[in-house]
Amino acid sequence: MQLDSKAPGGPIETKWDRHRQDLKLVNPANKRKFDIIVVGSGLAGASAAASLAELGYNVKCFCIQDSPRRAHSIAAQGGINAAKNYPNDGDSVFRLFYDTVKGGDFRAREANVYRLAMCSNSIIDQCAAQGVPFAREYGGGLANRSFGGAQVSRTFYARGQTGQQLLLGAYSALMRQVSVGKVEMLPRREMLDLVLVNGKSRGIIVRNLITGEMERHAAHAVVLCTGGYGNAYYLSTNAMACNVTAAWRCHKRGALFANPCFTQIHPTCIPVHGTYQSKLTLMSESLRNDGRVWVPKKADDRRKPDQIPESERDYYLERKYPSFGNLVPRDVASRNAKAMCDEGKGVGSTQLAVYLDFAEAIKRDGEDVIRKKYGNLFAMYEKITAENPYKTPMMIYPAIHYAMGGLWVDYNLMSNLEGLFVLGEANFSDHGANRLGASALMQGLADGYFVIPYTMGGYLGGAGLDSVDTNHPAFAEVENECKERVNKLLSIKGSRTVDDIHRELGLCMWDNCGMARNDAGLTKALNTIPKLRDEFWQNITVPGDQGDFNQSLEKAGRVADFLEFSELLAKDALDRRESCGGHFNEAFQTEENEALRDDENCCYAAAWEFTGVGKEPVLHKEPLTFENVHLTQRSYK
Amino acid sequence: MTKKINLTLKVWRQKGAAHKGALETYSAQQISTDMSFLEMLDLVNEDLTLSGKEPIAFDHDCREGICGMCGAMVNGRAHGPEKGTTLCQLHMRHFSDGDTIMIEPWRAMAFKVVKDLVVDRSAFDKIIAAGGYVSVNTGGAPDANNIPVYAEDAELAMDAAQCIGCGACVASCPNASAMLFTSAKVSQLALLPQGKVEADKRVLSMLRCMDELGFGNCSNERECEAECPKEINITNIARMNRGFLKAALFSRHK
Ligand SMILES: Cc1cc2nc3c(=O)[nH]c(=O)nc-3n(C[C@H](O)[C@H](O)[C@H](O)COP(=O)(O)OP(=O)(O)OC[C@H]3O[C@@H](n4cnc5c(N)ncnc54)[C@H](O)[C@@H]3O)c2cc1C
Ligand code: SF4
Ligand code: FES
């Protein structure tokens, strides 16, 4: 299979404009003849559904939660990047583009990233116009802060609830289209499969989570905005319902899955404290603007933090990376925290934590200023740990947070399956091997507000689609497969709970496929996962019925897919003979323990084709070419 | 300090809206005080599952106090005893060994029980669809800094915008009124220049919608404010009422 990115040639600054010029248009009167399915109502899905509906298309939007407003995007805290250069500190579209490509360790597609940087400014304008209450300066203009991997202040924010406010903005636009009848919103629905007719994506099968009924929905195109797969690791910062199901089922129907091993481990999360734990809580990266990361210089130093004098503390990020200091990118910060703990310098009862200390900032700016910036985060920390971070340093440790990998898409954000578009965290295109903070929100909204409205027209205008409805035999066939699968899950009646197996899978992934990987560990994971999958299909117990609100059944379906997907993740990690960004194979590192890329042999996106469960997938490589940035060893010193 | 405690739970079980529900008693043993309330329920559910019974259905997702999905009456209080805390952020250290805890769903005419502790809050989406937006299409927005916003107004708008749509205000109000929820959105948008243009129309139509959906009236009991996990201030209701009066008396939408 030849992978064509469809990114136009020529100067990068004008690629998107030229491409838009060349895309077919659908005239306004004809748009209402097209039906579009949008799966997901996070930033990507809500913005896409609203924008497509505004253009006149008929949109059906689906989500798992009881309301579109609860998509996982709501949890994003820190902020959203844009190249506005309001602070006059030298930012530009090119610099944002450059930082993002470099931050991604040169494993993203240049053309996509440039377009993302171009759209960033319009996003801020759009959101401000919707009434998103961004933080303001006293003069009335928008305020900015800094995030990792950048030396300019380009992050816009709404206290520590930026994702919430941006999502509520997109949700309000979506609900406005619901009220005028252009969007039909179908919450509490889980997409279980994609329906292809003559090789084109023409619909989906969903399970109504309240009644258990299988529903068929037909359309001219399907837009997948179903988020990331971090929950393959069981413990992550993702919301409980985050899953790989929709993307995985599309993969099984032929959509290529790209770079699954590019997972992001966020450096600042509340450490694990017990086996009963159901998720990990993120402490926003924005805290690293003012918090200083340190550990005791001596290993096994069990003194309380306030008893450790300055001279016996190692502010290791500031020491090792003087120019970026505490604001190095996430992969670098995470690996360093792990290295410190490996040396026995970890703190807290498990010794799997480092300090994030605000004492100096509080002394400098006063508690009030710090409270205004991070009040909700400090409160959240205190609720969970019962410790007051105004008085004693926070303890943090890395956790799985984000998926850079996802379904392969071209420049139009269409997968290799015609008519299947993939937006937001669910696709692979913009962040390479590591995502910079505050750029996922940017990507979700760029995809939904400013890319899909154009590329959808380009597709529908030229696709010459015949009319297909849910009576087409392909729908019945796929629906039956979904039903059989559900019945199978309910019929096992074994002796282990789904959570129990999920926890075991997560531990296996974290230990062998986490922050630092090696061939032995990855091989072990590849041995363990199929066994665990067999155990799952032979020995789980799922109570309740199909025709009912059944959360156990929902979970079982998702974990079943994680058990297939995780194998691909480990395989991809083993296959990539280099380290880059979030993928760190110990065999490939510099003398200073930084990720060592192999640009000669590994400058590609790995797009995997499904051949059957437990069967060897086929690898297709999309070569990545860099014409506008120079490939260098990333340095944040 | 982390401790282990033993608890008795009395949990509302109801198969569906059309079925009658009842309280069932369960024991929760060896609960770590570092657990969250939902993790405690997870543990009980694991036991129920392994003994072949159906686990307790409850809504949840982010478990960080931001999605608004979780919520139940715990000993008669929405989201439990801690101020400014969602159920997922409530930790077991606030309970003592030997406690009996009563857990029930939100109860309101406009929120039908789906199953056990899960209720249907789609009425909230309808209220937002009735006008909780600025009518601006994608594209063509002016530069964000073209319209300055008083920092104080932005702060007040943000205070209101924090509402997570959980429904605790409705569940704690003796009249099952949705005034706090509705006023939070109305206020947020009325405080910002971007939202002012449609302010009259918005407040009239959102309140009309709220009434039609069967929510009660506000009689100033202030229970909503006391139990709101995001501590949404009741002054938002006053601000909305002023906006409503002005719109009802003087605006072209009256
Ligand atoms: C705690 C946290 C903090 C973060 N902070 C930041 C930040 O400060 N800045 C930043 O840029 N990024 C941040 N991120 C990352 C960012 O929030 C996400 O990457 C982004 O919001 C993903 O948006 P999305 O629209 O792609 O998917 P999501 O918001 O995850 O939405 C997925 C949608 O798909 C639906 N769905 C999923 N599967 C199915 C299915 N099978 N059937 C039907 N519907 C389905 C869900 O119901 C949901 O509506 C953060 C992430 C986390 C976890
Ligand atoms: S006002 Fe408070 S209690 Fe009511 S829905 Fe909003 S956050 Fe929940
Ligand atoms: S689960 Fe999201 S607010 Fe409680």
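## Inside chain A: domain 1 meets domain 3

Domain 1 and domain 3 of chain A bury about 3600 Å² between them, with 57% of it on carbon and sulfur atoms; buried area here is the accessible area (1.4 Å probe) that two parts lose on being put together, summed over both. On the domain 1 side, Arg107(A), Tyr233(A) and Tyr234(A) lose the most area to domain 3, together 20% of what that side buries. This is a predicted model, where local features need pLDDT of at least 70 and side-chain atom pairs count only at pLDDT 80 or more, while totals for chains, interfaces and linings use all residues. Residues are numbered from 1 along each chain as its sequence is written, chains are lettered from A and ligands numbered from 1 in the order written, and side-chain values use heavy atoms, leaving out hydrogens and water.

As for the bounds, an automatic or database domain assignment splits chain A into domain 1 (12-25 + 35-262 + 404-463), domain 2 (267-399) and domain 3 (478-603). In contact terms (heavy atoms within 4.5 Å), 41 residues of domain 1 meet 48 residues of domain 3.

## What holds charge there

Eight salt bridges turn up across this domain interface, each a side-chain nitrogen of Lys or Arg within 4 Å of a carboxyl oxygen of Asp or Glu. Arg107(A) appears again here: it pairs with Glu578(A), the closest N and O atoms being 2.9 Å apart.

## Chain B against chain A

Now for the contact between chains: 73 residues of chain B and 76 residues of chain A take part. The area buried is about 6100 Å², and carbon and sulfur atoms give 51% of that. Asp61(B), Glu64(B) and Thr138(B) lose the most area on the chain B side, together 11% of what that side buries.

Eight salt bridges cross this interface too. One of the salt bridges in the model joins Asp548(A) to Lys15(B), with the closest N and O atoms 3.0 Å apart. Among the helices and strands (DSSP runs of H or I, at least four residues, or of E, at least two, numbered from the N terminus), α3(B) gives the most to the chain B side, with eight residues.

## Around ligand 2

Which residues come nearest to ligand 2? Of the 13 around it, they are Cys163(B), Cys166(B), Gly167(B), Cys169(B) and Cys228(B), where being near takes a heavy atom within 4 Å. Both α4 (168-172) and α5 of chain B give two or more residues to this shell.
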